[in-house]
Amino acid sequence: MKLKHTLRASLLLLACAWPVCSQAADKPNVIIVITDDQGYGDLGFTGNPAVKTPHIDQLRSEGTLLNDFHVDPTCAPTRSALMTGRYSARVGVWHTVQGRNMLRRREVTMADIFADNGYATGLFGKWHLGDVYPYRPEDRGFQQAVYHQAGGVGQAPDYWGNDYFDDTYIVNGKPQRFEGFCTDVWFGEGMKFIQANKDKPFFAYISTNAPHKPLYAPLEYSEPYEGDPRVPHPELYGMITNIDDNVAKLMQMLEDEGLAENTILVFMTDNGTAAGLDGGRGYDGGMRGEKNSEYDGGHRVPFILRWPAGGIEAGKSVERLTAHFDILPTFIDLIGLDAPAIDFDGTSLRELLYGDDSDWPERALVVESQRVVDPIKWRKSAVMTDEWRLVNGTELYQIEADPKQQNDVSADYPEVFKRMRAEYDHFWDDVSREHDLTSYMVIGADEAPIVTLSSHDWLLDQLPPWNQTHIIRGDVAVESFWAIEVEQTGEYEISLRRWPVEADKGINDGSYGKAYNYQKARLRIGDIDVTKDIPAGAKEVSFKVHLEQGVTKLAPVFIGPDMSATPYYAYVTHQPKPGWQTPAGMGIPVYDPSYGRVPPQNLIRDIQP
């Protein structure tokens with residue numbers, strides 16, 4: 001059966017059956033290191049013969065490993081479940097783009113709970129649960145936030161020209177340039193935060209974008225892997241070894257500051273490998289599937305937890321089924337955090353961490369990879385118990401005997417097959433009740449005087465069949481819209497652009513792509529429909545409009561003789577000042593192509609106009 005219950009603060013501090021309770025007066029620090037697109041098999045301690053991860057391997061020997069730990073098959077859904085303790089489909093995050101990556105406003109996050117319990121809270125790296133108010137990390141409980149926007153460096157909402165080296169990131173809502181490789185920046189800023197808050201409990205969420213594509217690594221890390229026939233991509237393993245070296249620096253800093261004993265240190269990844277299996281090279285961890293797969297290789301990942309002062313056993317391996325949404329309930333229980341009543345889908349793992357699994361009941365959990373605007377029943381789904389996997393509602397695997405999921409035994413175990421399908425039906429009937437809800441980006445809030453909208457969050461009334469999973473690319477004419485909530489009635493200005501403001505290029509400029517011949521800009525929002533000419537060389541076209549409070553669609557169009565398409569960027573303000581549409585007016589540094597180490601034409605972006 002599935003374990004699901006509501007944790008209330010009054011029920012958290014139960015009888016002290018484990019040594020953790022003696023630490024209640026001195027609450028531990030918490031650090032989560034989560035990497036991006038690194039699979040179970042992309043580590044030394046899981047059996048990879050080529051990749052060098054000696055320090056993460058050491059961490060595993062010093063902590064407890066959840067060895068049947070599952071996340072969603074893609075990144076934003078995993079992060080939403082980790083942050084809330086609830087199914088990603090329940091909290092509105094079942095995609096990585098198109099407005100389905102924004103964590104619903106009603107949800108209480110892990111950072112909210114830690115902050116309410118007197119912790120300093122900081123995020124360093126990838127967020128991917130919304131780039132616009134009220135979904136930004138600084139809106140969701142993080143007091144210090146240094147992050148790139150979107151799901152990866154170089155995607156549409158991210159600062160133009162970011163290439164993993166010497167990039168511009170967001171610091172508490174404002175852009176700031178950094179020197180160095182991205183992973184080094186995230187760990188460096190995280191360690192500064194830890195040292196600044198070492199005299200009070202802290203929660204540090206170090207969330208690397210590496211080893212997500214594009215595969216860029218410092219040469220000193222990639223070159224040792226060149227020519228090794230076991231290596232799928234030298235840059236991939238170089239990025240992983242760089243992460244490992246940063247974990248070593250973090251662990252040493254904790255020792256030097258006297259923080260290692262009473263710090264809960266977690267290492268995990270967000271889904272199966274995205275680039276670790278190529279041309280017969282790489283290591284699959286003994287599983288079938290990669291990122292975005294419903295088979296175990298897409299969602300079973302390593303999870304290490306070290307906490308010496310809490311009595312967490314070094315070298316222990318927990319073999320029972322666990323998942324990302326168990327972590328927040330576990331922290332609440334272990335640390336004794338006050339928390340509001342939350343209907344968690346996960347459960348505290350205290351018993352598994354401190355005892356054996358003899359009294360641990362069977363549970364059924366579901367992961368999916370929807371990656372569509374409107375979820376589809378049974379789409380890329382897995383129902384899991386300790387013994388069984390039901391895939392897509394049609395295939396049944398006995399996982400211990402068949403970890404590669406090659407022998408469908410649904411015909412041999414009809415009762416199990418029927419029971420597992422019923423578990424999914426129960427899940428679907430529950431979470432699908434709110435699949436029709438939309439997360440609206442808010443304009444007119446004083447917390448966000450200027451709101452930046454990008455193609456990453458476009459919605460389409462009906463997606464063409466060739467674009468079920470990715471943002472629009474190339475020269476296809478597509479008219480889309482942004483889902484908007486106007487917070488207060490009043491006067492607004494909306495600036496439409498093809499290029500982001502920091503690129504500082506004309507609408508029809510072809511410096512970074514194809515030159516177009518758009519001649520008119522049409523603004524449609526609510527009942528407003530107005531068109532302006534695009535002056536020669538114009539970088540943007542602005543409209544002044546009166547908007548009423550409420551939800552609406554913003555659906556602008558650039559119009560030309562050959563094609564019409566939605567502007568890739570729109571900037572909205574309810575506090576217009578002269579020149580606000582410019583980089584200087586927005587406080588955004590203009591992109592300098594000489595700043596960084598990778599040629600800008602090699603950037604991988606959501607859009608390539």
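## Surroundings of Glu485

Leaving aside residues up to four places away in sequence, Glu485 touches Arg105, Tyr440, Met441, Val442, Ile443, Gly550 and Val551. These contacts come from a predicted model. Glu485 belongs to strand 20, which covers residues 482–486.

One of the touching residues, Val442, is 43 residues from Glu485 along the chain, yet the C-alpha atoms of the two are separated by 4.7 Å. Another, Arg105, takes part in a polar contact: its side chain meets the side chain of Glu485 at 3.3 Å.

Is Glu485 buried, partly exposed or exposed? Its relative accessibility is 25%, so Glu485 counts as partly exposed. The cut-off for buried is under 20%, and that for exposed is over 50%.

## A sheet of four strands

Elsewhere in the model is an open sheet. Its four strands are arranged in the order 14-15-16-17, and their pairing is antiparallel. Strand 14 (365–368) and strand 17 (395–398) are at the edges; each has a single partner strand, so one side of each lacks a neighbour in the sheet. From one strand to the next, the twist averages 20°.

Strands of a sheet pair through backbone hydrogen bonds, in either a parallel or an antiparallel way. Strand 16, residues 388–391, pairs with strand 17 in the antiparallel sense over four bridges. Within this part of the sheet, Val391 stands opposite Glu395 of strand 17.

## The helix across the sheet

Which strands does helix 10 lie across? Helix 10, made of residues 414–431, lies across strand 14, strand 15 (381–384), strand 16 and strand 17. The helix runs at about 65° to strand 16.

Note on methods: Residues are numbered from 1 along each chain as its sequence is written. This is a predicted model: local features need pLDDT of at least 70, side-chain atom pairs count only at pLDDT 80 or more; totals for chains, interfaces and linings use all residues. Side-chain values use heavy atoms; hydrogens and water are left out. Helices (H or I, at least four residues) and strands (E, at least two) are DSSP runs, numbered from the N terminus. Buried means under 20% relative accessible area, exposed over 50%, partly exposed in between (1.4 Å probe, protein chains only). Contact means heavy atoms within 4.5 Å. A polar contact is a pair of N or O atoms within 3.5 Å; within protein, one must be able to donate a hydrogen and the other to accept it, and residues adjacent in sequence count only if both atoms are side-chain atoms. Two strands pair if DSSP finds at least two bridges between them. Axes are lines fitted to C-alpha atoms, for helices over the stretch in contact, and angles run from 0 to 180 degrees between N-to-C directions.
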